[in-house]
Amino acid sequence: MSQTRKDDLPVAKRTGALKAGSSDAWAVHDAATKMKRNGEDIIVLTIGDPDFETPDNIVNAAIESLHRGETHYTAANGILPLREAIRRYESERLGWDVSMENILVCQGAQNGLYSVMQTIVNPGDDVLSIDPAYPTFPAVIGGAGGNMIRVPLKHTDGQFRFDVAAAEAAVTDKTTAFLFNFPHNPTGAALNQQEAETVVAFCRRHNIWLVCDEVYAELTFDAPYVSPMSLPDARDIAISVRSMSKSHAMSGWRVGWVLAPATHAGHIQNCINAMLFGGAEFIQRGAAAGLELNIADEMRAAYQRRRDSLVDKISASSHLKIMRPESGIFALIDVRPTGLTETEFAWKLLKEKKVSVLPANSFSNLTIGFVRVSLCVPSEVLEEAADRIVALADEITSG
Ligand SMILES: Cc1ncc(COP(=O)(O)O)c(C=O)c1O
């Protein structure tokens, strides 16, 4: 029998849509981590991975769970104690009685975003997305067969804000959902009462889902973030995707949840089930312990102190402009006054000052000319990095 070689077995078309965004965006980060590995003193501000240790009582709860032998299959929608803890936590955050039927545990917000999109988007649907967009949004929308239509934030008075006029201009009769991310990465914009009401009214008017990526909901500084999920009108059309990665320094644990109308939650559960068949129990025990902690207040205060000192230092430079983030773990610096592009500035900063920042053009055309700085290093390290950033801008402009 002759052996057949099948080099041409089919590859699903959606694999193209699932591919991560531009790898160029991460070239500075990749170079920085390599230099660091080789012993160079690099300050890495390219990624948003909290530098804090996961709190002890979370770690201990997970270890105790392992020792109890909780190493078996779990329910696809999450273990009961975690869903109970989420129910209490979210009822308090949103000001209404969240029910157990609204809650699905998932493995980080990314897993939640993918699962939700699979359940609300048909091939060929238009899906609105806030722009600048988190780099995985094209893949979660495209992976469900949707066409991503960007809805640019409005840039006024040194702030990016949600602009309903841009959403009205982008919506079509094929639109089925709006992928909304506030508090926003990378601009740090939050949402006020009027903006939250406006987006809910917009989605109701056009009969589309509102998917709120709220991974930074706990980390707001100047004014409280108003979640669209807190509005009564949102309850039957909105889905929230949540995470403990940032608020509880648990990025590597891969744990979060989805809040969805009870009538729809079963579809999302089916998707999570098809992918995962339930998450690890010890992780979920740790997460449940974390939700009883109030650690988010401490995290918020630490990021706020870092934000303030970074903004003070960069604002003192006449060659850079920093946007004061209202929330989150990033800040955007406008490097255009130096005459360099964001990519040129980022590479020069890495080579000459040993600091890595992310060229923000990868998020959107709106952030061309900006670099994104992560607040995920101790204050004194961030201040040292800020001094080096200012020094580079001074040298470029005086040379
Ligand atoms: C806007 C946004 N959504 C989703 C995620 C993914 O979060 P998780 O670690 O919970 O998957 C991130 C992580 O940086 C993010 O910034």
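How many helices and strands does the protein chain have? In this predicted model, the count comes to 13 helices and 15 strands. The radius of gyration of the protein chain is 22 Å, close to the 21 Å that the globule rule gives for 399 residues, so the chain is as compact as a globular protein of that length. Along the principal axes, the C-alpha atoms fill a box of roughly 70 × 60 × 50 Å. Buried residues make up 47% of the 399 residues in the chain. Among the contacts with a separation of 6 or more, 74% join residues that are 24 or more positions apart.

A good next step is the division into domains. Domain 1 is made of residues 14-53 together with 296-398, and domain 2 covers residues 56-291. Between the C-alpha centres of these two domains the distance is 26 Å. Where they meet, 33 residues of domain 1 are in contact with 33 residues of domain 2. On the side of domain 1 that touches domain 2, the elements giving two or more residues are helix 1 (14-18), helix 11 (295-315) and strand 12 (330-334). Helix 11 supplies the largest share of that side, with 6 residues. Sorted by class, this side of domain 1 holds 18 nonpolar, 7 polar and 8 charged residues.

From here, the view narrows to a single strand and its surroundings. Strand 8 spans residues 209-213, and 5 of its 5 residues are buried, so this strand is largely enclosed by the rest of the structure. Its side chains may be followed in two groups. Trp209, Val211 and Asp213 point one way from strand 8, while Leu210 and Cys212 point the other way, and all of them are buried.

Which strands pair with strand 8? One partner is strand 7 (residues 175-181), which pairs with strand 8 in the parallel sense over 5 bridges. Within this pairing, Asn181 has Asp213 of strand 8 as its bridge partner. Asp213 also belongs to the group that points the same way as Trp209 and Val211. Another partner is strand 9 (residues 238-243), again in the parallel sense, with 4 bridges to strand 8. Here Leu210 stands opposite Ala238 of strand 9; Leu210 is one of the two residues, with Cys212, that point the other way from strand 8.

The connection between the strands completes the picture. Helix 8 (residues 193-206) joins strand 7 and strand 8 in a β-α-β unit, and this unit is right-handed.

How values were computed: Residues numbered from 1 in each chain as written. Predicted model: local features only at pLDDT ≥ 70, side-chain atom pairs only at ≥ 80, totals over all residues. Buried ≥ 20, exposed ≤ 12 C-beta atoms within 10 Å, placed from the backbone. Pairing = 2+ DSSP bridges. Right-handed = clockwise from strand over helix to strand, strands pointing away. Rg over C-alpha atoms; globule rule 2.2 N^0.38 Å. Contact = placed C-beta atoms within 7 Å. Domains from an automatic or database assignment. Nonpolar A, V, L, I, M, F, W, Y, C, P; charged D, E, K, R; others polar.
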